[in-house]
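Hi,

Here is the structure I promised to pass on. Have a look at it first, and my notes follow underneath.

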Amino acid sequence: MFVDHALDHRPRAPAGSVGAIEAVGGVAMSVLGALGLAGLALLPEAFAALGLEVTPPPPPVIEDVIAAEFVQLGRPFDELPNREVPQLATNDEEPVVADAAQVEDPDPGVAVSETAEPRPTEARERRPPPSRTRSLEDLLTRSEAFAEIAEAREREGEADGIEGGTRNVEGDPYAGRFQAFFRRGWSVPTTLAEGVLEGLRATVVVRIGEDLRIASWRLATPSGNGEFDASVRAQLTRLEQGGVQIPEPPLESLADYVGRDRPIRFLGRNARR
Amino acid sequence: MTRLPAVLALALGALLVGLTVRPSAGQSEPTPPAAGEEEPLPEGVPVIEVDAPERALYKIAIPNLRGSGGAPAAEVIRNDLRLVSLFDVLDARSFVANLESEGLGITPGSWATVGAQGVVKGEIQRASSGRLRVEMRFYQLAEGTSPSLSKSYRGPPQQLRGFMHDFANEILRVLTGEAGAFDSRIVFARRVGPGRKDVYVASWDGASVSRVSEPNGVNMLPNFGPGGIWYSRLTETGMFITHSRAGGRRIIDGDGLNMGPTVCGNRVFFTSTRDGNSEIYGAALDGSGVRRITNHPAIDVSPTCAGGGKLAFVSTRHGSPQIFMMSTSGAGVRRVTYRGSHNQTPAVCTRNGQTLVAFTGRSSGLDIFTVNLATQEYTRLTQGQGSNKDPAFSPDCRMLAFWSSRGGVYVSSPEGLNHNLVIRGAAETLRWR
């Protein structure tokens, strides 16, 4: 039989045949080993025959095993990253969220969000075709001093939740859409440092009319920071003057949102760039 | 003709007055409460919280200053605020305000119409002696018609740019709580011919580029420090360290190469091969008390101050050039960069508790990267834009300068946005203070 010595790591016998003493010793060791193993296997019965109790070992504890899953990397981790290339909002096919007053979506209950993911087909079919005027308005609205990285915007009614969501159980879907209505297009100046923004909050009281438009509003609790309050005022003024309708509330919630004063608190935390 | 009773007439008049003073559509808010005052909220109604606003550039209007030289003076401030990547400087052609009648004041409605959130006004007066008197104002429309900032400047005409930089610094202080660094300078080396390299210093916006080194030989690796601009000068036998006020005197000399000075506090740190290997050394500012900081058979070069009694440097001790940090005593050496195979020329800045290290990385060419020490998040600032190297942070950490083969020294935000060419021509080993 050919033995590949590269794989056979046993110590080799010296050149020549195995000696007689070595042969007898090897056989004897093998016999003793076999007898020892057999003895160990028969040990419990031996104890029982002698009237000695053998305490069986405790059963193994079965623990919950959590399968570890690892993220599959698309490229070697130790390489330097690529640059995030800003997406210039020049494609008039892309839906735009920046100015709710300019949204012409006939169905105010469907969110118009700017995201790389494909929109629901149903909503896409209902969206009116972009006109040249609207394309220019969208371009001007989205143009800034320099291209910004297009972030994923929240999508109302998304089954997987929305950006900024803090709960893992479904809450009030309409409250989320109502909140998104007031958040969409609200911006604060970059001169407000993150540490300052985190602690700023201003509360407005809004009254929605029967036509689902903002009938009146007032700044009930200023934040104390003029620029932050100005951003909140600008947002409410834009929504009011634009005559934008809030998403239609469900019948059972209509009285909670229409025809009564509704406090809305604007907080500077989690500002997005 | 029957006359209306007086009471009925009064009632009708009151009704008419009430109708005329009723707020029109789009102006729902009455006089808002003063800061700190609160109006009662509706009881029993849950409050809807709205957070995560977008960040938008602060829209600021900067018309030309009144008086002779007002246009270029205003352009200095516009350039400062445009490059710091926090402002949207509005186009002066869109202004509708009557600047002549406004003078140094503002008509808020005219500026709100063009979307301005802040307005800068100024006036230059020239005395018979030639000295200037400059009055500057900054208004925040959110704060009313009183200026948030007023400053007066007096001095010779050549100081006008400095006045404008100072006012821009103060605008940042008013808006952000921290002054800008628009009066700072960038120092760099430039090859001017065979066997000739000079050290230059320039205003960060590219104005007033001037040579500071001897007009001969090879001068390189400059940095700021007491005594002016420190730099290394090549000789036939090695390299020594001097500064612009030393008159050619050798501050730090020795066998081999002595180069790349960086002054941290009251000590200067540099690279030297005096012991046969490239190591980091420290010395007093007069060159005395030279003490070796690193002790490793690998190559250790490019020390730079990292704040908090620490140095960043480049070492090949792990096989390839990587960025490391250690204390100025040489203790606590730890590797900083773990991505990329060739990282060098570190620059360190700490802002808002976050420490960023900028470096030149090799990834299909030379490009600029930053790594956040706490989060180990890497950001690439350049890609597919020629070769880019030798980054330097501004003193306030709001901007990053680097040389680019696109034509000279560029300035961008630390995130790599808003690239702008500020100094044309060759430049290497930049430092900014």
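Setting aside anything within four places in sequence, B:Val134 is in contact with B:Gly122, B:Ile124, B:Ser152, B:Tyr153 and B:Phe163. Keep in mind that this is a predicted model. You'll find B:Val134 in strand β6 of chain B, which covers residues 132–140. Is B:Val134 buried or exposed? It counts as buried, because it has 24 C-beta neighbours inside 10 Å, and the cut-off for that is 20 or more. One more pair to click on: B:Val134 and B:Arg154 sit 20 residues apart in sequence, yet their C-alpha atoms are 6.4 Å apart in space.

Zooming out, chain B is split into domain 1 (58–176) and domain 2 (185–432). Their C-alpha centres are 36 Å apart. The contact between them involves 6 residues of domain 1 and 9 of domain 2. On the domain 1 side, helix α2 of chain B (residues 70–83) gives the most, with 3 residues. That side divides into 2 nonpolar, 2 polar and 2 charged residues.

Now for the cores. The largest nonpolar core has 102 residues, and the members that touch the most others are B:Ile60, B:Ile186, B:Ala312, B:Val357, B:Ala401, B:Val409 and B:Leu430. Helix α5 of chain B (residues 160–176) contributes the most to this core, with 7 residues. Why does the core lie between domain 1 and domain 2 of chain B? Because both domains give residues to it. If you want one residue to start from, try B:Leu430: beyond its neighbours within four places in sequence, its contacts include B:Ile186, B:Phe188, B:Ala401, B:Trp403 and B:Val409, and also B:Asp390. There is also a second, separate core of 30 residues, with A:Val204, A:Val206, A:Ile214 and A:Trp217 among them.

That brings us to chain A. It has 7 helices and 4 strands, which run α-α-α-α-β-α-β-β-α-α-β from the N terminus. Of its 273 residues, 25% count as buried. Looking at contacts in chain A between residues at least 6 apart in sequence, 67% join residues at least 24 apart.

The helix I'd look at in chain A is α6 (residues 226–242). Its 17 residues reach 24 Å from first C-alpha to last, close to the 24 Å expected at 1.5 Å a residue. Its buried residues include A:Phe228, A:Val232, A:Leu236 and A:Leu239, along with A:Glu227, A:Asp229 and A:Glu240. What do the buried residues of α6(A) pack against? They pack against β1 (187–189), β2 (201–208), β3 (214–221) and β4 (261–267) of chain A. Right after the helix comes A:Gly243, with a positive phi near 65°.

Finally, the two chains together. Here 52 residues of chain A are in contact with 48 residues of chain B. On the chain A side, the elements giving two or more residues are α4 (173–183), β1, β2, β3, α6 and β4. Strand β4(A) gives the most, with 7 residues. By class, the chain A side has 22 nonpolar, 15 polar and 15 charged residues. The chains also share strand pairing: 3 bridges join β1(A) to strand β2 of chain B (residues 54–56), and the two run parallel. Within that pairing, A:Ser187 has B:Glu54 as its bridge partner.

Cheers

Key: Residues numbered from 1 in each chain as written. Chains lettered and ligands numbered in written order. Predicted model: local features only at pLDDT ≥ 70, side-chain atom pairs only at ≥ 80, totals over all residues. Core = buried A, V, L, I, M, F, W, Y, C linked by C-beta atoms within 7 Å. Buried ≥ 20, exposed ≤ 12 C-beta atoms within 10 Å, placed from the backbone. Domains from an automatic or database assignment. Contact = placed C-beta atoms within 7 Å. Expected span 1.5 Å × (residues − 1). Nonpolar A, V, L, I, M, F, W, Y, C, P; charged D, E, K, R; others polar. Pairing = 2+ DSSP bridges.
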